[in-house]
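I opened a fresh page for this chain and its ligand. My plan was to look things up one at a time and write down what I found.

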Amino acid sequence: MKHFSLKSIIAAGLATIVAGCTSQTSTQMSGEEQKFISELMSNMTLEEKIGQLNLLPAPGPIVTGISEQTEIVSQIKEGMVGSILNIKGADAIREYQRIAVEESRLGIPILFGLDVIHGYQTEFPIPLAVSCAWDTLAVTESAVIAAREAATDGIAWTYSPMVDICRDARWGRIAEGNGEDPWLSGLIGQAYVRGYQGDDLAGEETILACLKHYALYGAAESGRDYNTTDMSENRMFNEYLLPYKMSVEAGVGSVMTSFNDINGTPASANKWLMNDVLREQWGFDGFLVTDYSAIFEMKAHGLGNEDVLTERAMNATVDMDMCGNCYINQLTRLVKEGRITERQIDTACERVLHAKYALGLFDDPYRYINKEKGEKELFKAENRAAARRITAETFVLLKNEGNLLPLEKKGRIALIGPVAGSKAQLTGCWSVSSDYSKYTTIYESMSKYLEGKAEVKYAEGCHYSYDPELEKHFLWNDSASTRSHKELLDEALATARWADVVVAVLGETKEMTGEAASMCNIEMQASQRDLLEALLKTGKPVVLLLANGRPMALKWEQENVPAIMDIWFPGSEAGDAICDVLFGDKAPMGHLTTTFPQHAGQLPIYYNHKNTGRPIGENDYAKYTSGYLDVTNAPLYPFGYGLSYTTFEMSDIDLSSPTMNADGSIDATVIVTNTGTREGTALIQLYTRDLIASVTRPVQELKGFQHCTLKPGASTPVKFTITPDMLRFYDSQLNYINEKGDFDLMIGFNCRDVKHETFTLE
Ligand code: BGC
């Protein structure tokens, strides 16, 4: 391997030093770095600087947007490509890097990015599932493993965390976020950032994180992807922006603009959001990249031609153009015409170079590529063991009539449903780096798990949809069963009749959530519902393992199926993790971070909503109140909900004082008791409600949570300390303030099942 170090060449004085570099310096730069970057930039042509702002897709099998995939080698040689995405494999990355460092004039290393969203080869569950563990340490651990694996292949930059708040399950990308609570999502965003970036970005096992999609992408109207958002600033700051802000506070190194229009200005042209809020208010000093061709797409938004769009994106302080070719095609001319200053280009270029410097790429452009290490690291037993443990934490037990679960490891088990026999379906959206050949199906894992103890038979059971066209969309690259509906059903029923218990794995395919996967019908597809109904009619006990990437409307299932456990899209260790929980070696401990509606017509539905002037009990109806004629306001499963194999009870709240001073705090304590017969882990949640304020406030807001693991009969005190800081909000003038007055304090097992107390902030 030829060792190349641009940094050492410059240090040795081989670079031409041109005085008078005009670039601004980032606050994070050391003197040495500042000198290095100034010298490098002083040697760059305008075109080469613009090249650093150009992010292109590598031609190949990974496609994540609409753009022509062209040959990029000649552009790399000309110094016109600063970063590349959608490439994997140490050899391929090394070769592109070699071309950049050896065959371009300045040899500036390329930054390689990929959507490493929930694991690289060791796949963790989809982010929405991971959020249901309410375990920030587990999030960080998953990100450390993902970064370590991805880094050996040469990936230095991941497009994660995604912290878009979503309250509308029709939106397919709800699967990629951390649920509907802004504070919890922020904590999780921070945990991802810590895991990817670690303490030292230049380390061989850390990669640059990219916070996305800034901003409000999850509030797309009607849950339709890429759609408009229009929102008051009060709502933005109180309900949507917090997780982005918290991730910036955790030091995320890059931020991605979202596709959507925000109050008339799409994010990539939104100077207020990008510069005034993100950079100036929150102090973000990393670089800003667009989402895939988002600058170009502003043409369809009706903002003008590419020159105008480029100008607007540059003026919004967007540094890098992802796959839009606007910067590379327009910026030189715009500078010549005086519409964009060279100083703006310098600032953007410097931010990108700073990231490359911080990643250590100037010391060794190949530092992230280590095939030998990769062979040992990728999908190694230790990584898989961590994934199995974390995956088991994400399952949410939704119903368990008559303690049907856990199942005994004996007798005959019918495992039914296409997901149970599929590898591709297990990983969910964004699994571009998965290697399915390494995984086992749920059926294979379960057969092994129960070897010598119980018999398992598998039947595919149904098509994902009765409509073949729809099934094609649901499967995209995967193939549909070639067997008829009747053949599949007959086989499934015969298998069920043979068995003592039926485990049906049904719900969604992985293509039914993620990008461009909005759905109007969020119920179980008829082909799957009919199978479930037929299985129930056999009279055998039926457990539904729900594979899904969004909250689904499962009223019928809740009413008819005795046991339901949400396994989401569980990743590469699905089979073993499912067996761990299904057969009781572990207790389920996941809790919903997103509300499940009874009906899609209730959307958007979320626990932290405001009151109307005519509120009504969740299960009631009355004329002239705020509800629906045909469906109550109650969710099917509320935020924070999740059962265990045991039961818990909670004492009333013991408050250390009914009043709190502006600079004081109060403690709220409950005693939690395991009243069942098995060990289990409870998630104790703290909520507050500001009862009287100068602006309307939500009926509930999550302010704390704690896990407690208890043996049968055991009790423990759980104490929360509440401070005035936790009660602050943005008022009508966007001042972040405390207001004196009364608060309702709630502690419980989910947002509905709570004890109440009140206190006064003085
Ligand atoms: C998605 C982003 C993703 C990017 C790069 C876009 O289509 O919206 O979330 O990071 O592609 O693959």
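The entries below go from the ligand to the strands, then to single residues and unusual backbone angles.

**Entry 1. The ligand**

I noted at the outset that this is a predicted model. I started with the ligand and asked which residues come closest to it. I found 14 residues around the ligand, and the closest are Thr-64, Asp-115, Arg-173, His-213 and Asp-291. I then sorted the shell by class. It holds seven nonpolar, two polar and five charged residues.

Next I looked up polar contacts. Arg-173 places a polar side-chain atom 2.7 Å from an oxygen atom of the ligand. For His-213 I read 2.7 Å as well, again from a polar side-chain atom to a ligand oxygen. Glu-515 also takes part: an N or O atom in its side chain is 2.9 Å from an oxygen atom of the ligand. How much of the ligand does the protein bury? The ligand taken alone exposes 310 Å², and the protein buries 100% of that.

**Entry 2. His-213 again**

I stayed with His-213 and checked its backbone. His-213 sits in strand E5, residues 210-214. The peptide bond leading into it from Lys-212 is cis, with omega near -10 degrees. I marked this one, because most peptide bonds are trans. So a residue with a polar side-chain atom 2.7 Å from a ligand oxygen also follows a cis bond.

**Entry 3. Strand E1**

I moved to strand E1, residues 54-57, and asked which of its residues are buried on each side. Asn-54 and Leu-56 are buried on one side, Leu-55 and Pro-57 on the other, and both faces are covered. I then traced the partners of E1. Strand E10, residues 321-322, pairs with E1 in the parallel sense over two bridges. There Asn-54 stands opposite Asp-321. Strand E2, residues 83-85, also pairs with E1 in the parallel sense, over three bridges. Pro-57 has Leu-85 of E2 as its bridge partner.

**Entry 4. A β-α-β unit**

I looked for a crossover and found one. E12, helix H18 (residues 442-449) and E13 make a right-handed β-α-β unit. The two strands, E12 at residues 411-416 and E13 at residues 454-459, pair in the parallel sense over six bridges. I picked out one pair: Leu-415 has Tyr-458 in E13 as its bridge partner.

**Entry 5. An open sheet**

I wrote down the strand order of an open sheet of five strands: E19-E27-E26-E21-E22, with mixed pairing. Why do E19 and E22 each have one side without a neighbour in the sheet? Strand E19 (659-660) and strand E22 (701-710) stand at the edges with a single partner strand each, so one side of each stays free of a neighbour in the sheet. I also followed E22 to its partner. Strand E21, residues 680-690, pairs with E22 in the antiparallel sense over nine bridges. Within this pair, Leu-686 is bridged to Gly-704 in E22.

**Entry 6. Two residues at 0%**

I checked Thr-158 in strand E4. Thr-158 has 0% relative accessibility, so it counts as buried. Its side chain reaches the backbone oxygen of Leu-114 at 3.5 Å.

Then I checked Ala-175, in the loop between strand E4 (157-158) and helix H8 (182-197). Is Ala-175 buried or exposed? With a relative accessible area of 0%, Ala-175 is buried. I also took a distance: Ala-175 and Glu-32 are 143 residues apart in sequence and 43 Å apart in space, C-alpha to C-alpha.

**Entry 7. Unusual backbone angles**

I closed with the backbone. Most residues other than glycine have a negative phi, so I looked up exceptions.

- Trp-134 has a positive phi of about 45 degrees. It lies in the loop between helix H6 (127-131) and helix H7 (136-152). At 2% relative accessibility, Trp-134 is buried.
- Ser-222 has a positive phi near 55 degrees. It belongs to the loop between E5 and helix H9 (233-240). Ser-222 is partly exposed, at 44% relative accessible area.
- The bond from Leu-603 to Pro-604 is cis, with omega near -5 degrees. Pro-604 is in the loop between helix H23 (574-582) and strand E17 (648-650).

Definitions and conventions
Residues are numbered from 1 along each chain as its sequence is written. This is a predicted model: local features need pLDDT of at least 70, side-chain atom pairs count only at pLDDT 80 or more; totals for chains, interfaces and linings use all residues. Side-chain values use heavy atoms; hydrogens and water are left out. A residue is near a molecule or strand if one of its heavy atoms lies within 4 Å of it. A polar contact is a pair of N or O atoms within 3.5 Å; within protein, one must be able to donate a hydrogen and the other to accept it, and residues adjacent in sequence count only if both atoms are side-chain atoms. Accessible areas come from the Shrake-Rupley method with a 1.4 Å probe; for residues, only the protein chains shown count as cover. Ala, Val, Leu, Ile, Met, Phe, Trp, Tyr, Cys and Pro count as nonpolar, Asp, Glu, Lys and Arg as charged, and the others, Gly among them, as polar. Two strands pair if DSSP finds at least two bridges between them. Helices (H or I, at least four residues) and strands (E, at least two) are DSSP runs, numbered from the N terminus. A crossover is right-handed if, with the strands pointing away from the viewer, the path from the first strand over the helix to the second runs clockwise. Buried means under 20% relative accessible area, exposed over 50%, partly exposed in between (1.4 Å probe, protein chains only).
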